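Visitor: I would like to learn how to read a fold from its coordinates, taking one feature at a time. Where should we begin?

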Amino acid sequence: MGHRIDILTLFCELFDGFLATSIVGRAVGRGLVDVRRTNIRDFAPDRYGKVDDTPFGGGPGMVLMCQPIFDAVEHVRRTDATPGKVVLLTPQGRRLDQALVKELAAEPRLILLAGHYEGFDERIRTGLADMEVSLGDFVLSGGEIAAMALIDAIVRLLPGALGKDESSHEESFSMGLLEYPQYTRPREFRGLTVPDVLLSGNHAEIARWRLEQAQRRTMQRRPDLWQEYRRQATSR
């Protein structure tokens, strides 16, 4: 049985190309993941599709109201025997990293809330969401891009989604390190050459070189990851 991901959004059309192309599109086509979109505006309390209002206490922007969001989530939950974990995509959430991706990929069903405008009524956070997730310390116009990033990262971990299942284990962050340098033909390009070890055919030496390169690159570019990698290595 494949995984199921529901996206609740005001802009379902943003996902058209994303869900039909590349690795995600192939995974959807093979039935590895079932991604469904629900328009929050379908649950508006009036015929005008109004789902937001001005914030109490004043301030700029518009806030998404409780009723349409609660009704949409409750409707979507009833369409499957698995209730699903409700994930609110917001800058205030837990920062997305590979560890969190693996955690969410283990869930049989996710319900992603992609907000827009100024944000969500706080009661949606406290009374509906199981988890809040953020892409990082920056602001987007809405949660749709964050939802795409999360879905793409999850799908890559599903068995059969990649050309070779082992591919995902050697990518950046999978072992706590950035990925080692990669090369392909030609062996020489504008004076730039491929390291001899990669042409040696000695798989043990190649593996050692790749690990050393991944460690060096992580130490130089992401000292925060390097410290965590070293901490986990010494605790094993």
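Guide: Let us begin with pairing: two strands count as a pair if DSSP finds at least two bridges between them. In this predicted model, strand β5 (residues 85–95) and strand β6 (residues 109–114) run parallel and are joined by five bridges. Within that pair, Val86 stands opposite Ile111 in β6.

Visitor: In what order do the strands of the open sheet lie?

Guide: The order is β2-β1-β6-β5-β8, five strands in an open sheet whose pairing is parallel. Because β2 (33–39) and β8 (131–134) each have a single partner strand, they stand at the edges, and one side of each is left without a neighbour in the sheet. On average, and with direction ignored, neighbouring strands of this sheet are turned by 30 degrees against each other.

Visitor: Which strands does helix α2 touch where it packs on the sheet?

Guide: Helix α2 (residues 66–77) touches β1 (3–9), β2, β5 and β6, and its direction makes about 160 degrees with that of β6. Helix α5 (residues 144–155) lies across β1, β2, β5 and β6, and it runs at about 160 degrees to β6.

Visitor: Helix α5 includes Glu144; is that residue buried or exposed?

Guide: The cut-off to keep in mind is that buried means under 20% relative accessible area. Glu144 has a relative accessible area of 2%, and is therefore buried. Leaving aside residues up to four places away in sequence, Glu144 touches Thr9, Leu10, Phe11, Leu14, Phe15, Ala114, Gly115 and His116. As an example of sequence distance set against spatial distance, Glu144 and Leu8 are 136 residues apart in sequence, while their C-alpha atoms are 9.2 Å apart in space.

Visitor: How does one look for empty space, and what volume does the second largest pocket have?

Guide: The general idea is that rolling a probe the size of a water molecule over the atoms shows where empty space is left. Here the second largest pocket has a volume of about 490 Å³. Its lining is made up of 25 residues, of which Leu89, Thr90, Pro91, Glu118 and Gly119 are the closest to the centre of the pocket. Two or more lining residues come from each of the elements β5, β7 (119–120), α4 (122–127) and β8, and β5 gives the most, with four residues.

Visitor: How many residues in the lining of the second largest pocket are nonpolar, polar and charged?

Guide: The lining of the second largest pocket divides into eleven nonpolar, ten polar and four charged residues.

Visitor: Turning to the backbone, which peptide bond is cis?

Guide: The bond from Arg185 to Pro186 is cis, with omega near 5 degrees, and Pro186 lies in the loop between α5 and β9 (188–189).

Visitor: And where is Ser22 found, a residue with a positive phi although it is not a glycine?

Guide: Ser22, whose phi is about 55 degrees, is found in helix α1 (residues 22–29). To read its accessibility, recall that exposed means over 50% relative accessible area; Ser22 has 53%, so it is exposed. Arg190 is another residue other than glycine with a positive phi, here near 55 degrees, and it is found in the loop between β9 and β10 (192–193). Arg190 has a relative accessible area of 74%, so this residue is exposed.

Terms used:
Residues are numbered from 1 along each chain as its sequence is written. This is a predicted model: local features need pLDDT of at least 70, side-chain atom pairs count only at pLDDT 80 or more; totals for chains, interfaces and linings use all residues. Side-chain values use heavy atoms; hydrogens and water are left out. Axes are lines fitted to C-alpha atoms, for helices over the stretch in contact, and angles run from 0 to 180 degrees between N-to-C directions. Contact means heavy atoms within 4.5 Å. On a 1 Å grid over the protein atoms alone, a cavity is a set of points where a 1.4 Å probe fits but cannot get out, and a pocket is an open set with protein on both sides within 12 Å along at least five of seven lines; lining residues have an atom within 4 Å of a point. Grid points are joined across faces, edges and corners, and a volume is the space filled by probe spheres set on the points. Ala, Val, Leu, Ile, Met, Phe, Trp, Tyr, Cys and Pro count as nonpolar, Asp, Glu, Lys and Arg as charged, and the others, Gly among them, as polar. Buried means under 20% relative accessible area, exposed over 50%, partly exposed in between (1.4 Å probe, protein chains only).
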